[in-house]
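Dear colleague,

I am passing on to you the structure we spoke about, with the sequence alongside. Please have a look at it first; my notes on what was found follow below.

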Amino acid sequence: MSTRSRTLLEPGHEAEWAELNREKREYHERTARALTPSERIARGQKLSQQAVKLLAASMRSGHVPGRAFWS
Amino acid sequence: MSQDEPSGPDLDGVVADANAVGLHYVVIGGFAVMANGFLRATKDSDLLVPDGSETDEAILRFFDRIEARRLRDGKILTRGEVAGAEHLRVRSRHGIIDVMRGGLPPLDYDTVAKDAIDIEIGSQRALVAGLRSIVGFKRLAGRPQDRRDLEELESFHGELPVDPIPGLDT
């Protein structure tokens, strides 16, 4: 049985979020340093493709107007 | 692909595997901002999940399927570590994933899921946080990136919907 008794999604957890953000930032800095230029490009392209697909799906569903692509 | 290979976030894979194991979730974070009209970079996938033992079991199946290990120490998480955790951060074959339990209304799971947009990601259906919920999460977090997200979303959508957040506005 789940015993969760609190959430971080409320005011008052700034210190915990700061630590979580630091952890993630340091991890990404470490991994980014290990990437070759071609790996960085490939990663950026993959993310861009995902972003455009996601926005296009949202537009097709009528949640975002088409001008989002040009804003 | 090895989970140690820094491949970046793969939302299609996250959605496909979360759906495959029956995990209920809403995509929040950077990908949700993109789905609401502001294209920007993100380094991970963020999921909001409900409370409860059924969710705990689904999270365990999900983590097993995506070869998840806790980011900070590489540990494979146990049932006891998943149950009761308000936040879980793992690295996986789909990149870094943050799994969060809902907060107090309006940032609880039910409210966020009700406001979410239902769209196709890859070949799968997924709930993605709607504008009203994103505004709430961003106002609560208040980091420079969050403020920038709100500015960009406001420039696109006009005046943003704002729900009072207990402890922040009241």
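**The nonpolar core**

In this predicted model, the largest nonpolar core has 53 residues, and those that touch the most other members are Val26(B), Val27(B), Ala32(B), Ala35(B), Leu48(B), Val128(B) and Ala129(B). The element that gives the most to this core is helix H2 (residues 30-35) of chain B, with 5 residues. If residues up to four places away in sequence are not counted, Val128(B) touches Val26(B), Val27(B), Ala32(B) and Ala35(B), and also Ala116(B), Ile117(B) and Ile119(B). As a general background to such a core, nonpolar side chains tend to be buried together in soluble globular proteins.

**Strand S5 of chain B and its partners**

Strand S5(B) is largely enclosed by the rest of the structure, because 6 of its 7 residues are buried. Strand S2 (residues 44-49) of chain B runs parallel to S5(B) and is joined to it by 6 bridges, while strand S4 (residues 87-92) of chain B runs antiparallel to S5(B), and 6 bridges join these two as well. S4(B) and S5(B) form a hairpin, with 2 residues between them. Ile97(B) in S5(B) is a useful residue to look at here: Ser45(B) stands opposite Ile97(B), and Ile97(B) is also the bridge partner of Val90(B).

**Two backbone details in chain B**

The peptide bond that joins Pro105(B) and Pro106(B) is cis, with omega at about 10°, and Pro106(B) has its place in the loop between strand S5 (95-101) and helix H5 (109-115) of chain B. Glu67(B), which is not a glycine, has a positive phi near 55°, and this residue is in the loop between helix H3 (53-65) and strand S3 (69-70) of chain B. Glu67(B) counts as partly exposed, because it has 15 C-beta neighbours inside 10 Å. Both details may be read against the general background that most residues other than glycine have a negative phi, and most peptide bonds are trans.

**Where the two chains meet**

Between the chains, 33 residues of chain A are in contact with 39 residues of chain B. On the side of chain A that touches chain B, the elements that give two or more residues are helix H1 (14-34) and helix H2 (37-60) of chain A, and the largest share, 9 residues, comes from H2(A). The residues on this side of chain A divide into 16 nonpolar, 11 polar and 6 charged.

With best wishes

Key. Residues numbered from 1 in each chain as written. Chains lettered and ligands numbered in written order. Predicted model: local features only at pLDDT ≥ 70, side-chain atom pairs only at ≥ 80, totals over all residues. Helix = DSSP H or I, 4+ residues; strand = E, 2+ residues; numbered from the N terminus. Buried ≥ 20, exposed ≤ 12 C-beta atoms within 10 Å, placed from the backbone. Contact = placed C-beta atoms within 7 Å. Nonpolar A, V, L, I, M, F, W, Y, C, P; charged D, E, K, R; others polar. Core = buried A, V, L, I, M, F, W, Y, C linked by C-beta atoms within 7 Å. Pairing = 2+ DSSP bridges.
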